[in-house]
Structures are given as structure tokens and as C-alpha cells.
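Open the model in your viewer and keep the sequence beside it, so that each stop on this tour can be selected by residue number. We will visit some rings first and some strands afterwards.

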Amino acid sequence: MNVRSKPAPLVVGKGNGFRDDEGESKMEPHVGLEFDTAEEAQEFYSAHANQVGFKIRIGQLYRSRSDGSVISRRFVCSKEGFQTNTRTGCAAFIRVQKADTGKWVIASIKKEHNHEFEASGETCPTTRIQRKSFPTPRSSSGGASRTGIRTRDEDSPSSVVEIKRLKKDEMDGVGGGLAREPNKGLEFNTANEAYKFYYAYASNIGFRIRIGQLFRSKHDGSITSRRFVCSKEGRQHPSRVGCGAYMRIQKQETGGWVVDRLQKEHNHEIDRSTDPSRTASAASKGYREEGSSILENLDLVETNEGLSLVKRVRESNIGSDWYNMLLEYFQSCQAEDTGFFYAVEMREGNKGMNIFWADARSRFSCAQFGDAVVFDTTYRRCNYSVPFASFVGVNHHRQPVLLGCALIADESEESFTWIFQAWIRAMSGCRPVSIIADQDRPIQHSIAQVFPGTHHRFSAWQILDKEQENLGALLSMDAEFKYEYETCIFQSLTASEYDSAWNMLMNKYNLRENTWFKEMYRMRKSWVPLHIKGTFFAGIHVDGSLKSYFSPVLTAQTPLNEFIVRYEKALEQRREEERKEDFNSFNLQAVLHTKDPIEEQCRKLYTMAMFKVFQKELLECYSYVGIKINVEGAISRYLVQKCGNGEERNTVAFNASNLNISCSCKYFEFEGVLCRHALKVFQIMNIRELPSRYILHRWCKNAKYGILRDADSAGGSQDFNALMTWSLREESRNYIEAGAASLERYKLAFEIMQEGRRNICWQN
């Protein structure tokens, strides 16, 4: 078996390795370890498990979306999950990823188990896994030392401590004190001492820490547990990479604190250049129980005073020369495109610039597709060299369409407010019905101020990240809670049903005083599907988001000097995709599957992509039945349910006097296309043609140009002229391409152009 160790944040030394019966050294698994095949990785992990005293089995595998080949595998502890009585929900695993070279590399790992280890017959009885630690002087009576750190005496092999003195160079960065490696069972008099200890250890190793979750007693609300995590834990900030390293301390009945959980492996490079002079002074400050300035790196923290969102400002560090080059580019764009708009705000104290820009086509697109907007700030969770954000909508082909771009000087409320106001100015006062954006407090406040009537929906990635941060352990350890939580969130059909299920969860699991749950319930209209589906979001799924407009051309690795070139390349690619769909919608016809005249009506109006969405609903309605359950004047109510599935049922209200129809599933309100339940009632009532109000113009073939029928909807005359100019220029470009294909086409195109010009001149 060929095993190679790639550079990794933490490399296990030979002293910590295992030896088999023949005395051959065996390496502990760590991120970066490389294998020739996935089977060799499994054999390696199995051998490691036998040495430690547990068994493994094969977990999930992941396949490529392009060719279906296996690209990742998980090997888990045999006690993972809860499917049998012998399993305890153990989270220990390794995941290997297939690299471009064909090798398999350990991409992530979890070493902690939640159960006792078994005695292994393959393990030499004289061999023990020793956790190296460093001494703290103890009194002869066995009491606590002056530092407040002591090691708990246990009989298990994991508690065996090898004691030695640090060399002088190993003491640098610890303020002249003694440095120890953390290990389970390490005790402290106070949580503050534990924090100082972990801070000093982190500084000595070469990483930074911050205060993570805290846990409170279900009885009196006192703090019973704390986590100190690597500063790169989570993904809420571009500098964070989801590192899993942490130390958790548990409060004992004696009032002391003991390390009960520990993860040492990092998924990033370790910074060995930590300034020793800063370590002792910073660590000595510790933290205050009521909240501290050390919490400044957190987006959401819990203190004894309750939930506190700490303002985090990420300033742009781009040089002024690059900004000048960008502004010159804007000026050249404006010379060629009369509808090009850009605005610049200089931040005080030379803290960079807020810049917004949109070309005429983006402004024109907003007139038709600006009802549902995604404010894409991918740069905040990826380490982008440029703080680049974009406004993206959904066009009539269900493709992302650009509605404007921005560079953000810092992540303050003032910056976001200025960006949103600049967007409104560029779009002639257009305000979206809905917007998908991050849930950070500055963005929330800015949206509420600039778009007061707009429904703000939180980004799906951030909701998932927060759930993992606050509920990760509970969701993985308690299958019943996970089922009930997901049922409450995704299966509730009414507000009262959701509130009832939520209250049951809070009471059953004693989460009533949990501040994160309190805050998420207060903001439920911004993330719970029940409260989202009644608003138009152009069909952007509730548990996902719109595909990044500029990916994969413009990425976090794009250097500054290539930004403009790649920006234009991505823009042209997306717009070429739209032109292809325009061509297909006007020149190709979808196949009809029924003789229903409604299907033919919609085929003539919808684009190809939207007709497929409608056609699916139409075909599905044939497997449903509708029963009239109530009549009040002209309004009849039907119970529509799927044949053979009594659980799937919805209520449809139909007004015979004006053909108004509404369904409890809210599909039309969310997607903009009639649902199968409403179509079933139209069939029952023998409606042969859909009312025009149920075929949204934004989904039709001529959506891009239909708005110009009404000059009042396009803003001022100057803006309207720019939109008309762009529309005619785009159409003329296609006209020229077709007319220049041959000499005969050119002559015909020229004659038609001259005739058209004469007709225009005759108009008043």
C-alpha cells in the first residue's frame, strides 16, 4: 500500500504513531494523506481503527455530475447512525477525495468518538497511544496548582501523560510560562483560565482562536459548556474556511471546568509567524463572561445578556491605481453605450470606494425582470481578491440575468445602503417584489430602509451554515429531533400548524430559552418556506439559490489585472446563452402531449423553458381529482388531491363571475405559473382558455420588448430613450448578421431597411 503524506496543517510525528506487531511505524490519519486507490485508504483506516479499538464501515459515496464516476468516499465508525441498538450516533469518520492526479487524498476527518473503545487483539498489549502534554507543578497533596490547570487522573490509556520540559524556543509566545498541549481531561479553575491556556497554545502552534458556542443549563440557565474555536471556523466570512479545530470545556459539580471534547486537526495552513510579544498580553486579557471585544470576529454570539450581533467591517485593500483603471473602463463603456450608468462614493479616511455600475442592457432587463432579485455577495464567504457583488434576476428562460454590479468598500450598513440606493437610481426607481440576500444585520437594515415593501429572504447557504453551527451536534446525534425539526420547517402548511410544531419542539427539547431559536423564530418570514411561498421569487427554490452569474469565469482566484477581461468574457457568455434560447423559442416548437386547447395557447406564448414548466403541471393534473366542498355565491371551493394519495391535498377557490382562481399551495404566487390543482378545477369547469392574467408577460417569448409598449413604466424620457436605443441596437445587430450572410440577403435587407426608414419618416 502506497501512502504519501501531503503538506497539511498538522502532521503527526513519529512519536505519536502506531507500531504493528512487526514494529513498522503506522501514520495517524490526517488531512492531506494520499493513497493510490480508495481501497487502500479503507485498508489504512481499518488498520488504524484496529489499533485504537473500534471498527469501521463504508459510508456515503459521491459521484461526478458530469460522468457519474465516484469522486469522494466516506469511511465511518461502525457505531455511526442510530439504525440498530448497537449504534450510538458516533461522528468519527474520514472522507477521501479523488484528486486530478488520480490519487485519493483525505479531505476531512473527525477523530472523536462518543463511545468506549474495544480491546483490540491486533494491538500489542505493551503499546499505548500517548498524548504528549507538558507539566504544571502540582502540590504534594494533589491540589490545584497556582495556574489553575491540572490533569485528571484516569485509568484509560488516553489519559497517560508524557511529561517533559519545554526548550527555550518552544516557550516563545507563551509569555515565559509553560506551554502544554490540550488533551481530554485537562482541568481549569475557571473558564477564563481555559481560554488563556488555549489562546497561548494556539499562538505557539500558529493559529488564532475565537469564542464559539456556549450551552446553558435547562434548569437555571447557567452556562454549562463553552467552545473555543479556530478563527477560521465557519464560512460566514471570506477568511473562514470551515476549520473544525476546537476545544470544549464542561463545567463540573465542583465548580471547575474540564476539557471534554477536542479537535486538533486544521484544514488550512498554519501561520508560523505569530508575534510572540503579542501572545502573553493578548492571552492575559482573557474574556469577560458578559461579552468582550474578543467577540468582534463573530457574526452571532450568545452572552449572558442574550443574543448579540457584532458589527464586523471588512475593508477593501485594493490600491487606488486599480480603481483608476476601472473608472477609465467605465468611461470607455459610457462612450460606446449611451445607457451605461455608474456611480462612485469615496469612503472617509481613504477606506476605498463604493462603486456601482450597470450597462443599458442590465437596466433594460430590470424593467422586465427586476421583480425578483438576488444580491449575490459570494465574495464574503470565499476569499475573493475583489469585493465584487452583483444584482441578478431571472429572465424569461429561467436563466440568471445581470441587473447591476458593485464593489463594496466595507461591510457597514452605510455601504450597503449606498449600493442599494445607487441601484434604484440606475433602474429609474424600480423596487423589487422580493430580494434574496444575506441575513447579516447591516444588510437587513439597509434593505428595510431602501426597499421598505420588499420581502427579504435569507440566502440558503447562510441558513444551512447557521444551522450547522448551532444545531450540528443535535442534528447528528438525535435522529428524532432532526426528523421533527425538518418536518416543522418544510412540511407545515399553515401558520398555526408551524407555530404548534415549533412550540412542541421548544418544549420537548427544552429549547425555549435558547437565544438562537428565539432569533430565528422572530425572523421566520425570511427563511421558513411556509412564509416564503406566498411571495413571487421567480421560482428560485426555497432550499437553494440562483446559480452565480459570473461563475466559473470570475472566481476567488481571479487576479486584479484579469478582472475586467474575465468580467466581459462571463458577460458575453451569459448573453450568448440568452440569445440561443431566444432563437429556440421563436424558431422551434415543443411537442404537445394533450388535445387540451390550453396547452396549445401556452405553447404559442411561453418560451420553451417556461412551457416545459407549465406542461409538467398540466400533465400532472390528470392524476388528480377535485371535489366541490363549499359554495358561497359565485365562489366555489374544491378539495383537490392526488389519486391514491390522500395525504396530498389542496384547497382551490374558483370565482365563476370573473374566472379568478387561487390555490392553497401558493405555486402561482411563488412561481408565476398556474399549479396542477388550479388547472384541474379549470378542467372541471370546462375552461378552454386561460385568462391573460395567469400568463405572466415576463415568461413570454416577447418579454424583453413588451415593456416598451408603455412609456410611463420606463421612467423619465432620457432613460426611456436609452432603453429604446439599446433595444433597437440589439435587434439591428441580429439583423445585420442575418443580412450579411450572402449578397442576395444583403440586397433584400438593404431594401427592407430603406423602406422601413421611409415609413418612419412619414410618421409625425
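This is a predicted model, and 44 aromatic pairs are found in it. For one of them, select Phe536 and Trp699, whose rings form a tilted pair with 6.4 Å from centre to centre and 55 degrees between the planes. Phe536 belongs to the loop between α12 (529-532) and α13 (563-587), while Trp699 belongs to the loop between α17 (676-684) and α18 (703-706), so the pair ties together parts that are 163 residues apart in sequence.

Are these two rings buried or exposed? Phe536 has a relative accessible area of 11% and is buried, and Trp699, with a value of 0%, is buried as well.

Keep Trp699 selected and add Arg698, whose charged end sits over the ring of Trp699, 4.4 Å from its centre. A similar arrangement can be found at Arg524, where the charged end sits over the ring of Tyr521 at 4.1 Å from the ring centre.

Next, select Tyr329, Trp357, Phe388 and Tyr567, which are among the members of one aromatic cluster.

Now turn to the strands, and display residues 624-632 (β26) and residues 635-642 (β27), which pair in the antiparallel sense over eight bridges. Glu632 has Ile635 of β27 as its bridge partner, and in this hairpin, with two residues between the strands, Gly633 takes a positive phi near 65 degrees.

Finally, add β28 (residues 645-655), which pairs with β27 in the antiparallel sense over eight bridges. Here Leu639 has Thr651 of β28 as its bridge partner, and in the hairpin of β27 and β28, again with two residues between the strands, Gly644 takes a positive phi near 80 degrees.

Key:
Residues are numbered from 1 along each chain as its sequence is written. This is a predicted model: local features need pLDDT of at least 70, side-chain atom pairs count only at pLDDT 80 or more; totals for chains, interfaces and linings use all residues. Side-chain values use heavy atoms; hydrogens and water are left out. Two strands pair if DSSP finds at least two bridges between them. Helices (H or I, at least four residues) and strands (E, at least two) are DSSP runs, numbered from the N terminus. Rings of Phe, Tyr and Trp (its six-membered ring) pair if their centres lie within 6.5 Å; planes under 30 degrees apart count as stacked, over 60 as edge-to-face and the rest as tilted. Buried means under 20% relative accessible area, exposed over 50%, partly exposed in between (1.4 Å probe, protein chains only). A charge sits over a ring if NZ of Lys or CZ of Arg is within 6 Å of the ring centre and within 35 degrees of the ring normal.
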